[in-house]
Amino acid sequence: MATIKDVANLAGVSVSTVSVIINQKAEERKISAITIAKVEEAIKQLNYQPSVSARKLRSNESNVYTVGVFWASDFRMSFLSRFMSGLQSEILKLQMPIDISICPYESDKLRFEKRLYSLNTYNAVIIANTTDKDNEYINKNPLPIPTVLFNRESKIYHTVGIDNKETGKKAAVHLIDSGAKSISMICQKNSYLAMSKRSEAFLNKCLENNIKTDKNDIIYVEGSIAGGTLAGYELIKKGNLPDAVYCDSDSIAQGLIYAFSEQGISVPQDVKVIAVGLGNPEFSRFFIPSISVVDVPMEKMAAKCMKIIKEVASHNLNSPSHTVFESVLYERKSTLS
């Protein structure tokens with residue numbers, strides 16, 4: 001792991017100069033723009049991350065760590081409560097006070113979040129829901145502070161995720177084992193990385209079992225209950241209802257089942273429904289009928305993100321760690337024969 005001395009040597013300056021620039025005091029010390037640029041380039045090349053403890057001591061806040069949670073400001077904001085529940089539970093277990101700052105950001109525009117490149121705003125950050133474009137940018141332009149990516153892959157950052165392909169496969173196998181011969185899909189418009197991987201794996205598993213789902217069998221909607229409701233009406237309008245429907249999220253599934261109920265279509269007698277569990281588990285478990293889900297263990301994943309940050313802050317973790325959790329299938333009434 002790079003040190004401040006390594007940065008100084010690469011930039012051709014003293015350690016004290018690097019320290020001044022890191023602490024954003026270059027202007028008052030009259031350090032030239034050329035020198036600042038050299039140091040910043042060295043930090044970038046070495047992926048240098050200043051000591052969390054040292055920075056806190058300098059700011060006279062040695063007992064408080066500030067963690068920024070960057071969460072895309074779209075339909076996935078509704079899943080944030082589960083993530084925060086996991087974070088809060090873990091923080092209560094840790095022997096250190098931690099402040100959490102929720103930072104909504106616009107998809108594809110993470111590069112404009114200057115706070116990510118400031119050495120004095122956060123001690124560490126957790127970044128969730130990045131698009132391909134966002135992921136590519138932060139991987140090509142390493143952040144100068146400890147970073148954990150949530151449900152995304154990276155060689156240079158700590159990552160915590162699930163096996164998204166396996167999640168899609170589990171949903172497909174469950175529907176096939178339940179006797180489904182025809183299957184439709186309801187997917188989120190402008191589907192993101194994890195969702196795309198799950199849907200692709202679901203389709204591939206269906207094809208392996210001679211169940212073909214063509215473009216006409218896939219409906220794209222907003223990832224909400226309202227979106228699921230509209231998808232349900234569209235399926236009904238098409239006629240020839242499938243044996244089963246796979247939904248990108250449990251909120252979509254709730255809307256779908258509502259639409260079916262309004263039109264006298266019974267779940268699971270007429271159509272079976274399964275979803276990826278992303279929202280509050282109680283909403284699916286106590287829905288009528290209860291919804292079968294392949295659940296993303298959001299709380300456990302969030303807790304792991306916080307454990308990693310604790311390890312980094314304690315200088316017990318120097319190289320990127322990668323944790324993959326398993327999704328869990330909960331079979332409920334929506335897929336029972």
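Are Phe-202 and Tyr-246 buried or exposed? Both Phe-202 and Tyr-246 are buried, where buried means under 20% relative accessible area, exposed over 50% and partly exposed in between, with a 1.4 Å probe and protein chains only. This is a predicted model, in which local features need pLDDT of at least 70 and side-chain atom pairs count only at pLDDT 80 or more, while totals for chains, interfaces and linings use all residues. Residues are numbered from 1 along each chain as its sequence is written, and side-chain values use heavy atoms, with hydrogens and water left out.

**Nonpolar cores**

- The largest nonpolar core (buried Ala, Val, Leu, Ile, Met, Phe, Trp, Tyr and Cys residues joined through side-chain atoms within 4.5 Å) has 52 residues, and those with the most contacts inside it are Phe-83, Ile-126, Phe-150 and Phe-202.
- Helix H12, residues 298-313, gives the most to this core, with nine residues; helices (H or I, at least four residues) and strands (E, at least two) are DSSP runs numbered from the N terminus.
- A second, separate core has 29 residues, among them Ala-42, Tyr-105, Val-125 and Tyr-157.
- Leaving aside residues up to four places away in sequence, Ile-126 touches (heavy atoms within 4.5 Å) residues including Val-67, Phe-83, Phe-150, Cys-305 and Ile-309.

**Aromatic pairs**

- The structure holds six aromatic pairs, that is, rings of Phe, Tyr and Trp (its six-membered ring) with centres within 6.5 Å, where planes under 30 degrees apart count as stacked, over 60 as edge-to-face and the rest as tilted.
- Phe-83 and Phe-150 form an edge-to-face pair, at 4.8 Å centre to centre and with 75° between the planes.
- Because Phe-83 lies in helix H5 (residues 80-93) and Phe-150 in strand S4 (residues 147-150), this pair ties together parts that are 67 residues apart in sequence, and both residues are buried.
- The ring centres of Phe-202 and Tyr-246 are 4.2 Å apart and their planes lie at 25°, so the pair is stacked.
- Phe-202 in helix H8 (residues 193-208) and Tyr-246 in strand S8 (residues 244-247) are 44 residues apart, and their pair links distant parts of the chain.
- Trp-71, Phe-83 and Phe-150 are linked into a cluster by ring pairs.

**Largest nonpolar core and ring pairs together**

- Phe-83, Phe-150 and Phe-202 are among the residues with the most contacts inside the largest core, and Phe-83 and Phe-150 also pair with each other edge-to-face.
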